[in-house]
Amino acid sequence: MAMNLDELKKLPLKVKILIIFLICALIGYFYYMFFLADALAKMTSLEAKLAELQQQITEKDRTAKQLDRYIREVNALKESFKMALLKLPNEREIAGLLAAVVQSGKGAGVDFLLFQPTPPEKKAPEPAPAAPPPDPKAPVQKKAGEKFYDEIPIKVQLAGGFHNTLSFFEQVARLPRIVNIEEITMGDAQDVKGRGRIIKTSCTVKTYMFLDKK
């Protein structure tokens, strides 16, 4: 039954307060359902997107810093590689390098019992296994790069005092080209009249020849 304004005025104060409270509750409920709930959902979604973007920014910033460090390391490796190439003799310089090794031995006071350079070993290519038919969807694979140097091992046997032998190794290490001494074997020292205690040493002197492939 509808009530007019006069009847509402005659209601007790407690009833008036209860009616006002119910009206406010209904207004609040409809406001939440039609306006506030949607706004809260949007705000929650935006906060989640903001957190995701902040995480992406942090990851990209860390990646950018790592990339800068990697670029510096790659540039340093390139410079080291260039310096290593400068220390690789080419085919025309091998004879002079071998002569420098012999001269180092003479300067150190050792005698060569054997000085046997070995030409670079040429390996025959192994037969490739039968390949399955190519898959048109498979990615194209790059072939491995070819070697840019050959190893030239030199079998050496020399006789001299212990300090003379060490001096020979040191002089070889100071040569401007890359020369390694490997597989060192020293025999027992023997007294030689007029020369003192002499040691026979076997080793492999290994250098590397740059392959100039155009």
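Read from the N terminus, the elements of the protein chain come in the order α-α-α-β-β-α-β-β-β. Here helices (H or I, at least four residues) and strands (E, at least two) are DSSP runs, numbered from the N terminus. The model is predicted: local features need pLDDT of at least 70, side-chain atom pairs count only at pLDDT 80 or more, and totals for chains, interfaces and linings use all residues. Residues are numbered from 1 along each chain as its sequence is written, and side-chain values use heavy atoms, with hydrogens and water left out.

**Exercise 1. Describe the protein chain as a whole.**

Step 1. Count the elements: the protein chain has four helices and five strands.

Step 2. Take the burial. Buried means under 20% relative accessible area, exposed over 50%, and partly exposed in between (1.4 Å probe, protein chains only). Of the 214 residues in the protein chain, 16% are buried.

Step 3. Take the surface. Accessible areas come from the Shrake-Rupley method with a 1.4 Å probe; for residues, only the protein chains shown count as cover. The protein chain exposes about 17600 Å², and 61% of this comes from carbon and sulfur atoms.

Step 4. Take the contacts, where contact means heavy atoms within 4.5 Å. Among contacts in the protein chain with a separation of 6 or more, 76% join residues 24 or more positions apart.

**Exercise 2. Work out how helices α3 and α4 meet, and place Ser104 in that contact.**

Step 1. Find the geometry. Axes are lines fitted to C-alpha atoms, for helices over the stretch in contact, and angles run from 0 to 180 degrees between N-to-C directions. The axes of α3 (residues 94–108) and α4 (residues 162–173) come within 8 Å and cross at roughly 145 degrees.

Step 2. List the residues. Helix α3 contributes Val101, Ser104, Gly105, Gly107 and Ala108, while α4 contributes Asn164, Ser167, Phe168, Gln171 and Val172.

Step 3. Sort them by class. Ala, Val, Leu, Ile, Met, Phe, Trp, Tyr, Cys and Pro count as nonpolar, Asp, Glu, Lys and Arg as charged, and the others, Gly among them, as polar. The contact of α3 with α4 then has four nonpolar, six polar and no charged residues.

Step 4. Look at Ser104, which lies in α3. Ser104 counts as buried because its relative accessibility is 7%. Beyond its neighbours within four places in sequence, Ser104 touches Phe168, Gln171, Val172 and Leu175.

**Exercise 3. Trace the strand pairing through β2.**

Step 1. Apply the criterion: two strands pair if DSSP finds at least two bridges between them.

Step 2. Strand β1 (residues 111–117) runs antiparallel to β2 (residues 149–160), with six bridges joining them. Phe115 stands opposite Val156 of β2.

Step 3. Strand β2 also pairs with β5 (residues 196–210), in the antiparallel sense and over twelve bridges. Glu151 has Tyr208 of β5 as its bridge partner.

**Exercise 4. Which residues does Arg197 touch, not counting residues up to four places away in sequence? Then compare Met209 and Glu183 by burial.**

Step 1. Arg197 is in strand β5, and its contacts are Gly160, Gly161, Ala189, Gln190 and Asp191. The C-alpha atoms of Arg197 and Phe162 are 8.1 Å apart, with their positions 35 residues apart in sequence.

Step 2. Met209 is also in β5. Met209 counts as buried because its relative accessibility is 10%. Its C-alpha is 5.3 Å from that of Pro89, 120 residues apart along the chain.

Step 3. Glu183 lies in strand β3 (residues 179–186). Glu183 is exposed, since its relative accessible area is 61%. Although not a glycine, Glu183 has a positive phi of about 50 degrees.
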